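This report goes through one protein chain, beginning with its interior and then turning to its surface and loops. It is meant to be read alongside the sequence and the coordinates.

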Amino acid sequence: MSELTLVALRLGFVLALWIFVIAVVLILRNDLFGTTVVTRSSRDRRREQRPASGPIGGAAAEAGTDPGSLRTDPEVTTTAMVVTAGPLRGTSLTLGSTPVLIGRAPECTLVLDDDYASNRHARVLQRDGEWWVEDLGSTNGTLLSGRPIEGAVPFRPGAQVRIGRTEIELRRGPR
């Protein structure tokens, strides 16, 4: 081989080595500093400042009408998810028309501090006037009343969903 070829190979090898080192540093930086951490207290304050979401609060706020004027049945019930066991015991979420995402990721509606929960573990949604709980392909699975679930299954009031160490119950009550 000529000397020019050897110099070109050496320079190419050094260049490839530096590209590899830079890629490793960027990946490490993203792993260490890439996730925005949201504290629960700041999320709770933002949630309290927002107008009520859901089928009545959201539509009424946009239309500029009084939410109370849209209610026709005085015995309308609300549905809530209540954490009955685990680190967040006592936490309650009023369910509206939007699905509730449960997991460890900061963008989840209910953020769990649990090593047995996946980042996007499960979702609770309303379909045809009925509540459903759906396992989103979690590693450790989701239990509904002690039975493992796959996909979406009906979530009836009084039923318990277990995700890791956390138990969540669906409850209905008067508004």
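## Nonpolar core

In this predicted model, the largest nonpolar core has 23 residues, of which Met81, Ile102, Leu110, Val124 and Phe155 touch the most other members. At least two residues of this core come from each of strand S1 (77–85), S3, strand S5 (122–127), strand S6 (130–135), strand S10 (160–163) and S11. In soluble globular proteins, nonpolar side chains tend to be buried together.

Leu110 shows what the surroundings of one such core residue look like: leaving aside neighbours within four places in sequence, Leu110 is in contact with Met81, Val83, Leu88, Thr91, Leu93, Leu101, Ile102, Gly103 and Ile168. Two of these partners, Met81 and Ile102, are also listed with Leu110 among the core residues that touch the most other members.

## The chain as a whole

The protein has four helices and 11 strands, and 28% of its 175 residues count as buried. Of the contacts between residues at least 6 apart in sequence, 41% join residues that are at least 24 apart. The accessible surface comes to about 12000 Å², and carbon and sulfur atoms account for 56% of that area.

## A buried glutamate

Glu169 is placed in strand S11 (residues 166–174). Is this residue buried or exposed? Glu169 counts as buried because its relative accessible area is 15%, which falls under the 20% cut-off. Its side chain takes part in a polar contact of 3.4 Å with the side chain of Arg171. Beyond the neighbours within four places in sequence, the residues in contact with Glu169 include Met81 and Phe155, both of which are named among the core residues that touch the most other members. Other contacts of Glu169 are made with Ala80, Val82, Thr84, Gly158, Ala159 and Gln160.

## A nonpolar patch on the surface

A nonpolar surface patch of about 1100 Å² is formed by Phe13, Val14, Leu17, Trp18, Phe20, Val21, Ile22, Val24, Val25, Leu26 and Leu28. One of these residues, Val14, belongs to helix H1 (residues 3–33), and Val14 counts as partly exposed because its relative accessibility is 41%, a value between the 20% and 50% cut-offs.

## Loop residues

The loops contain both buried and exposed positions, and three residues with their relative accessible areas are set out below.

| Residue | Loop | Relative accessible area |
|---|---|---|
| Gly96 | between S2 (92–94) and S3 (100–103) | 15%, buried |
| Ser118 | between S4 (110–111) and S5 | 13%, buried |
| Asp128 | between S5 and S6 | 79%, exposed |

Gly96 and Gln126 are separated by 30 residues in sequence, while their C-alpha atoms are 8.4 Å apart in space. The side chain of Ser118 reaches the backbone nitrogen of Thr139 at 3.2 Å, and, with neighbours within four places in sequence left aside, Ser118 is in contact with Gly103, Arg104, Ser138 and Thr139.

Which value of phi does Asp128 have? Although Asp128 is not a glycine, its phi is positive, at about 55°. Ser145, located in the loop between strand S7 (143–144) and strand S8 (147–148), likewise has a positive phi, near 50°, in a residue other than glycine.

How values were computed. Residues are numbered from 1 along each chain as its sequence is written. This is a predicted model: local features need pLDDT of at least 70, side-chain atom pairs count only at pLDDT 80 or more; totals for chains, interfaces and linings use all residues. Side-chain values use heavy atoms; hydrogens and water are left out. Buried means under 20% relative accessible area, exposed over 50%, partly exposed in between (1.4 Å probe, protein chains only). Contact means heavy atoms within 4.5 Å. Accessible areas come from the Shrake-Rupley method with a 1.4 Å probe; for residues, only the protein chains shown count as cover. A polar contact is a pair of N or O atoms within 3.5 Å; within protein, one must be able to donate a hydrogen and the other to accept it, and residues adjacent in sequence count only if both atoms are side-chain atoms. Patches are made of residues with over 30% relative accessible area and no salt bridge: like charges are joined within 9 Å, nonpolar side chains (Val, Leu, Ile, Met, Phe, Trp, Tyr) within 5 Å. A salt bridge is a side-chain nitrogen of Lys or Arg within 4 Å of a carboxyl oxygen of Asp or Glu. A nonpolar core is a set of buried Ala, Val, Leu, Ile, Met, Phe, Trp, Tyr and Cys residues joined through side-chain atoms within 4.5 Å.
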